[in-house]
Amino acid sequence: MIKVRNLSKHYGELVVLKDISCNIKKGEVISVIGPSGTGKSTFLRCLNLLETPTGGSIFINDVPLLDKHTNVPKLRQKMGMVFQSFNLYAHLSVIENLTIGPVKLLGKKYTEANAKAMELLKIVGLAEKADSFPDELSGGQKQRVAIARCMAMEPEILLFDEPTSALDPTMVSEVLAVIRRLSREGMTMIIVTHEMDFARNTSSRVFYMDEGIIYEEGTPQQIFDNPQKEKTKAFINRVRSLNFRIKSRNYDLYAMQGEMEAFCEKHMVSKKVTGFVVHIAEELLELQTDFAGISLSLSYAEKEGDVQLVCESAGLPLNPLKEELLEDDIALKLILGRCKSVNYSYTDGKNILVLRIKSE
């Protein structure tokens, strides 16, 4: 139903979308997830030309959207868009918001448009609000009206740009329930969302976007349970990280420990585990022999509650935590005693130690 080939979007020297290609079939529900600022909303806005792509092509039912001979307004009528800020006409009642488009753009009679509008308001649970004005509605009710208004134009495709991001958490579920109903009825939808449970349970496919590209795509099970790429894994597990570059033996230990403590406090890591982290990092650096280039990374996975230290150092293969040294070094025993697991590898000229910290 939608075919995108080599889509790009630049704002001057700022590259927002890079060479995106994808196919979306009739009846699919595509959730687009990823960090803020990675082009998700821009991708959506390019699909209906709210933003003009810099390059590439978009086909809607095999009709080239960017061709100069294409009747773009007619083609765009097939795509309804729901924004995070509702965009209702404040001076019109709810029923008038739903009927103005079909009457003025589709040429429908008012009685027909009115009957259809009331039917749609019943579907979204707001028939009793037909004569109310937008400022008399809650945020969740406004968004449900916005969805009904899109449906009044009889679109074949619905685009949702973070439809719940402006809502109080108590109102999110009512909007998501309406979208779920539309998905069950076979509406083709592309949804930019930060609601991970919704994306997992409602989508037929998930696009994970990062760095202006569709970085990874697959079924919800593939993306959420078995992501293949590191950035996808970090996002799904909500991994937060703190990184240090140490270039000499005279590094500032106390500044590093202070940053680690602040990071752990921010992510509500217990004081006991924080103590483990600070102590292990100090002991680990004491065991290093080559300070030409050491990278130390502290990460916290929100989903798993997992705290991890990764130490990378250049030079010849050397694992400072060799088992045979344990009897002679109390520091090594302390480190290993406070870790769930310790893994050593030597890759691309780097010694890599991955330590998962015990939670208790």
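**Note on the predicted model: a strand residue, the cores, a helix and a pocket**

1. Residue E312 is situated in strand β13, which covers residues 306-314. The structure under review is a predicted model, and the points below should be read accordingly.

2. Is E312 buried or exposed, or does it fall in between? Its relative accessible area is 24%, and E312 is therefore partly exposed, since the buried class ends under 20% and the exposed class begins over 50%. Once residues up to four places away in sequence are set aside, E312 touches G293, I294 and S295, together with K350, N351 and I352. For one of these partners, S295, the C-alpha to C-alpha distance from E312 is 5.1 Å, with the two residues 17 apart in sequence.

3. The largest nonpolar core holds 34 residues, of which L121, I147, L158, F160, I179, L182 and M189 touch the most other members. At least two residues of this core come from each of α3, α4, α5, β7 (157-161), α6 (169-184) and β8 (188-192). Helix α5 gives the most, with 7 residues. A second core lies apart from the largest one and has 32 residues, including F263, F276, L284 and C311.

4. The contacts of L182 may be listed individually. Neighbours within four places in sequence excluded, L182 is in contact with I147, M151, L158, F160, M187 and M189.

5. Helix α11 comprises 16 residues, 271-286, and spans 23 Å from first to last C-alpha, close to the expected 22 Å. Which residues of α11 are buried? They are V273, T274, F276, V277, V278, I280, A281, E283, L284 and L285. Of these, F276 and L284 are also among the members of the 32-residue core.

6. The largest pocket contains about 630 Å³ of space. Its lining consists of 22 residues, and M79, M81, L105, R149 and M153 lie nearest its centre. By residue class, the lining divides into 13 nonpolar, 6 polar and 3 charged residues. Which helix supplies the largest share of the lining? Helix α3 does, with 6 residues. The elements that each supply at least two lining residues are α2 (72-76), β6 (79-82), α3 (94-104) and α5 (139-152).

7. S132 is placed in the loop between α4 (110-123) and α5. The relative accessible area of S132 is 15%, so the residue is classed as buried, the limit being under 20%. Beyond the residues up to four places away in sequence, S132 touches S93, V94 and L137.

Notes
Residues are numbered from 1 along each chain as its sequence is written. This is a predicted model: local features need pLDDT of at least 70, side-chain atom pairs count only at pLDDT 80 or more; totals for chains, interfaces and linings use all residues. Side-chain values use heavy atoms; hydrogens and water are left out. On a 1 Å grid over the protein atoms alone, a cavity is a set of points where a 1.4 Å probe fits but cannot get out, and a pocket is an open set with protein on both sides within 12 Å along at least five of seven lines; lining residues have an atom within 4 Å of a point. Grid points are joined across faces, edges and corners, and a volume is the space filled by probe spheres set on the points. Helices (H or I, at least four residues) and strands (E, at least two) are DSSP runs, numbered from the N terminus. Ala, Val, Leu, Ile, Met, Phe, Trp, Tyr, Cys and Pro count as nonpolar, Asp, Glu, Lys and Arg as charged, and the others, Gly among them, as polar. The expected span of a helix is 1.5 Å times one less than its number of residues. Buried means under 20% relative accessible area, exposed over 50%, partly exposed in between (1.4 Å probe, protein chains only). Contact means heavy atoms within 4.5 Å. A nonpolar core is a set of buried Ala, Val, Leu, Ile, Met, Phe, Trp, Tyr and Cys residues joined through side-chain atoms within 4.5 Å.
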